[in-house]
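Biologist: Got a minute to walk me through this model? I'd like to start with contacts and then get to the empty spaces.

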Amino acid sequence: MSGRSQRATSRVLLIGPAFVVIVVLMVVPLALMAWISIQERDYAGGVVWGSLTPDAYVRFLFERNLDDTVSLSFDYLRIIARSFWLSAMTTAISLAIGFPTAFFMATRPRRWRGVLVFMVTLPFWTNLLVRNYSWILILRDHGTINGLLEWLGVISQPLPLLNNQFAVAVGLTYSFLPFMVLPIYTSLEKLDLSLVEAAFDLYAGRWRALRHVVLPLSLPGIVAGSALVFMPCLGSYVTPELLGGGKTLMIGNLIGMQFGSARNWPFGAALGMLLLAILLIGLAIYALRKPSGEEASA
Amino acid sequence: MRERSPERNPQENSQCTRTHDAAIDIRRVRKSFGTGANAFVALKEVSAAIRRGEFFTLLGPSGCGKTTLLRLIAGFDQPTSGDILLDGEDISQLAPFHRPVNTVFQNYALFPHMSVAQNIGFGLKMQGKSKAEIDDRVDAMLTLVQMQALKSRRTGEISGGQQQRVALARALAPAPKLLLLDEPLSALDLKLRKEMQIELKRLQNETGITFVFVTHDQEEALTMSDRIAVMDHGSILQIGTPREIYDHPKRRFVADFIGDINFIEATAVTDGGQAGARIPGHGFVRLEDDRTLADGETMTLAIRPERVEIVPSKALDHIDGPRNEATNELTGKLVNVVYHGTDTIYHFTLADGTVMRARTQNNRGFAPRFSVGDAIGWRVDPSAISIVEDAAA
Ligand SMILES: Nc1ncnc2c1ncn2[C@@H]1O[C@H](COP(=O)(O)OP(=O)(O)OP(=O)(O)O)[C@@H](O)[C@H]1O
Ligand SMILES: [Mg+2]
């Protein structure tokens, strides 16, 4: 009896801290955000507590004209679409760069691998703002790249590398690439290389060994890496702000603006809720998909 | 595209020259790993001609280079120098996926994300065979290795012996000219291992494919092989049929590695064309080894314990005489008698203290006629004495 209650006590003690952290740091802020998103806006900033209205959600697709009529507007949807597009691009580019990198790392002698992993995480030791500013130096009209190309005589006019979607994609890829490399590296490192030899032995050339053996077996790493890149990209704020030059707004910037200059807290909170809902739906679809993907490939 | 040999190879033609006959011809192949001061020579000038349809075994202790040689034949590694010819064609520079050679890996290396049937069909699929053809062939292979019932299982959901069969079927499915097997039975328990040995022989007979089989189990090598290559420290020491290797080992290492054996230091006696040896403290024994000897040359004789016959010393007034060509009998002193169930091993010493063993079958029950401390006589047929080279590889 006492043994059982002791076990119950230790269970509470073990789970307790994590439970408190999750409640205080996740559930409470989320609930607060959901609550704010259905309040009436206070034009001076903040909200008028207690006056419920779906205005913030309506505003997402409909515009209230001066004469109080309401008309359809896709401005915000466009920003969301652009966010998805840029995030998808970033994920694809990260995968294209990250997979070969991870493969290279995983096939080095064991004593080198630790060093390589450290090198991949090296950018994290520098501040995100500093890293984004240095990209400005590299990409701007008279920056490193344009300067070099002009000096080489390849171009006479500077290429428009900064303050556009390209710059944002570059910056996001740079920021989140390690999140792609590390999970893929982990799954590739576990891969038994004799399986690749077996594929070669059974007449699979390099590409087909990659496609039929290496890729399916590193799929968990690829999925994890893609999720780890895509999701923070979608909500990114600093990179589009600095490298997009204020022209390439993403959801993060839009939300930031609502709590800042636009002073529309409910709308900002509603945008946050929408983003969360979209991501949750995506995750749910992934979690409920057919458990194993290889079945169809035979 | 790749030529496939027919299922059943024509019977070997004994008129053919050895090299023409060879399915695979390994010519002075060297392999070293690393460079400079760190270089490690895993294979030193290895040559072997493996015949078509043969069950050829590489036998040797751990680390002697068996896997290294197999990997060179499969194409996973390139030889440092030397050539490997398959049916007369140099394949040393060919990528593994261009060689009509398949491997059964020591750890099986089955694809964990595929079913048993998908594993077996993988090679055919990569060769671009039609779906119908793949299905037919996979079915035939499943029948061959008696795995039809488990064809849709994942490879992680079947037993070790079953995995071994799948690995075998997967390697046989594309009908390779040559099948390489790297200690495929080492992970199995003794009973299953015996079963699979018989199974493997059956499969080899049925398919007629040339097998190159790696093992460090001498008994397995003796029972399964057409010919055996005994390896040590990156060299092949002797190639021969199991009987040749067992009865006429040419090197001390070969004699020692396979079965139990006695070594005696002796000096050569050549007299009237009769080859013989003088054993210090004893006398003269006749030899049948066809090696040419120089008079007085020191040499090592190797004699299997089961070829040594213990006889009562009383009957041997004439033994240890200056010459005893008729009987090849000598004396010894019995120091131990060990009962082994099916047979009894007598330990006796020679004049110089060399301990010898004689093995007799207990086919009439265990009734030792000699007791420890007795002076005994022992007899050995000249054909049972091998002269072995002492030099290390
Ligand atoms: N890639 C490599 N780099 C360096 N040395 C190697 C390499 N592969 C094998 N060796 C060395 O070559 C020698 C032969 O190895 P190999 O794997 O051929 O032995 P083996 O006869 O198959 O032994 P076992 O019966 O234990 O499998 C060993 O000493 C091994 O350490
Ligand atoms: Mg080996």
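Biologist: What does N102(B) touch, not counting residues up to four places away in sequence?
Modeller: From chain A, N102(B) touches D201(A), L202(A) and Y203(A); from chain B, the partners are A171(B), P174(B), P176(B), L178(B), L179(B) and L180(B). Contact here means heavy atoms within 4.5 Å. Keep in mind that this is a predicted model, where local features need pLDDT of at least 70, side-chain atom pairs count only at pLDDT 80 or more, and totals for chains, interfaces and linings use all residues. Side-chain values use heavy atoms, with hydrogens and water left out, residues are numbered from 1 along each chain as its sequence is written, and chains are lettered from A and ligands numbered from 1 in the order written.

Biologist: Which backbone oxygen does the N102(B) side chain reach?
Modeller: That of D201(A), at 3.0 Å. A polar contact is a pair of N or O atoms within 3.5 Å; within protein, one must be able to donate a hydrogen and the other to accept it, and residues adjacent in sequence count only if both atoms are side-chain atoms.

Biologist: And is N102(B) buried or exposed?
Modeller: N102(B) counts as buried because its relative accessibility is 0%. The cut-offs are under 20% relative accessible area for buried, over 50% for exposed and partly exposed in between, with a 1.4 Å probe and protein chains only.

Biologist: Switching chains, what is S87(A) in contact with, leaving aside neighbours within four places in sequence?
Modeller: F230(A), C233(A), L234(A) and M250(A). S87(A) lies in helix α3 of chain A (helices are DSSP runs of H or I, at least four residues, and strands are E runs of at least two, numbered from the N terminus).

Biologist: OK, pockets. What volume does the largest pocket have?
Modeller: About 460 Å³. On a 1 Å grid over the protein atoms alone, a pocket is an open set of points with protein on both sides within 12 Å along at least five of seven lines, a cavity is a set where a 1.4 Å probe fits but cannot get out, and lining residues have an atom within 4 Å of a point. Points are joined across faces, edges and corners, and the volume is the space filled by probe spheres set on them.

Biologist: Which helix or strand gives the most to the lining of that largest pocket?
Modeller: α2(A), with six residues. The lining has 21 residues, and R41(A), D55(A), R59(A), R64(A) and N264(A) lie nearest the centre.

Biologist: Which residues line the largest cavity?
Modeller: I26(B), A48(B), I50(B), F56(B), L58(B), L69(B), I73(B), V212(B) and I236(B). The volume of the largest cavity is about 30 Å³.
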